[in-house]
Amino acid sequence: MMLLLFVVAASAELDALNHAVARCDRAAANPVFSAEAAQRTAFLLDTYREQEAIVAARLDIAQRRAVLREAGSIKSADEKQLKLEEAAIEGRQRALNDRRLLEGIRVDT
């Protein structure tokens, strides 16, 4: 849901910028270009932090799985819980990759 709101907002901003550039409306276009460096920095920091959290979560699951394996057989309930957590992490990774893709397209635009 959050990604959808991000896409809609970015799309509206790009449309408004496109119209401002077409009209040579510097008062509308200049602030967008001036804020670009800060926006890129914020995006990079946010995506780095999210990727770092995803990696930490993956490592945590791997460690927990190793501890369970060393302790003996892994119970099906434990395995199910680990698989659910892994699926959630993969969902976060896909969402992050989608955000990166859209940001790359926005920058190119």
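From the N terminus on, the elements of the protein follow the order α-α-α-α. The model described here is predicted. In total the protein has 4 helices and 0 strands. Buried residues account for 16% of the 109 residues. The protein exposes about 8000 Å², and 62% of this area is supplied by carbon and sulfur atoms. Among the contacts with a separation of 6 or more, 65% are between residues 24 or more positions apart.

Two helices, H3 and H4, are described in detail. Helix H3 covers residues 36–71 and helix H4 covers residues 76–108. H3 has 36 residues, and the distance from its first C-alpha to its last is 52 Å, close to the 52 Å expected at 1.5 Å a residue. The residue that follows H3 is Gly-72, which has a positive phi, near 135 degrees.

Several residues of H3 are buried, namely Glu-36, Phe-43, Thr-47, Gln-51, Ile-54, Ile-61 and Arg-65. A general property of the α-helix bears on the reading of such a list. An α-helix has 3.6 residues a turn, so residues three or four places apart point the same way. The list for H3 holds charged and polar residues, including Glu-36, Gln-51 and Arg-65, as well as nonpolar ones such as Ile-54 and Ile-61.

The largest nonpolar core consists of 5 residues: Ile-54, Ile-61, Leu-82, Ile-89 and Leu-96. Helices H3 and H4 are the elements that give two or more residues to this core. H4 provides the largest share, with 3 residues. Within the core, Leu-82 touches Ile-61; Leu-82 also touches Arg-64, Arg-65 and Leu-68, when residues up to four places away in sequence are not counted.

Gln-93, in helix H4, is a further buried residue, with a relative accessible area of 9%. This value is under the 20% limit, so Gln-93 counts as buried. Apart from residues up to four places away in sequence, Gln-93 touches Gln-51, Ile-54, Arg-58 and Arg-100. Of these partners, Gln-51 and Ile-54 appear among the buried residues of H3, and Ile-54 is also a member of the largest nonpolar core.

A search of the whole structure finds 10 salt bridges. One of them joins Arg-92 and Glu-50, with the closest N and O atoms 2.9 Å apart. Arg-92 lies in helix H4 and Glu-50 in helix H3, so this pair ties together parts that are 42 residues apart in sequence. Both residues are partly exposed: the relative accessible area is 31% for Arg-92 and 23% for Glu-50.

A salt bridge is also formed by the side chains of Glu-90 and Arg-58, at 3.0 Å from N to O. Because Glu-90 lies in H4 and Arg-58 in H3, the pair ties together parts that are 32 residues apart in sequence. Glu-90 is partly exposed, with a relative accessible area of 34%, and Arg-58 is likewise partly exposed, at 33%. Arg-58 is also one of the residues touched by Gln-93.

Arg-65 and Glu-86 form another salt bridge, in which the closest N and O atoms are 2.7 Å apart. Arg-65 lies in helix H3 and Glu-86 in helix H4, so parts that are 21 residues apart in sequence are tied together by this pair. Arg-65 counts as buried, at 14% relative accessibility, whereas Glu-86 is partly exposed, with a relative accessible area of 29%. In addition, Glu-36, Arg-40, Glu-103 and Arg-106 are joined into one network by salt bridges that share partners.

Arg-65 takes part in other contacts as well. Leu-82, a member of the largest nonpolar core, touches Arg-65. Glu-79, found in helix H4, is in contact with Arg-65 and Ile-74, leaving aside its neighbours within four places in sequence. The C-alpha atoms of Glu-79 and Arg-65 are separated by 8.1 Å, and the two residues are 14 residues apart along the chain. At 22% relative accessibility, Glu-79 counts as partly exposed.

Key
Residues are numbered from 1 along each chain as its sequence is written. This is a predicted model: local features need pLDDT of at least 70, side-chain atom pairs count only at pLDDT 80 or more; totals for chains, interfaces and linings use all residues. Side-chain values use heavy atoms; hydrogens and water are left out. A nonpolar core is a set of buried Ala, Val, Leu, Ile, Met, Phe, Trp, Tyr and Cys residues joined through side-chain atoms within 4.5 Å. Buried means under 20% relative accessible area, exposed over 50%, partly exposed in between (1.4 Å probe, protein chains only). Contact means heavy atoms within 4.5 Å. Accessible areas come from the Shrake-Rupley method with a 1.4 Å probe; for residues, only the protein chains shown count as cover. A salt bridge is a side-chain nitrogen of Lys or Arg within 4 Å of a carboxyl oxygen of Asp or Glu. The expected span of a helix is 1.5 Å times one less than its number of residues.
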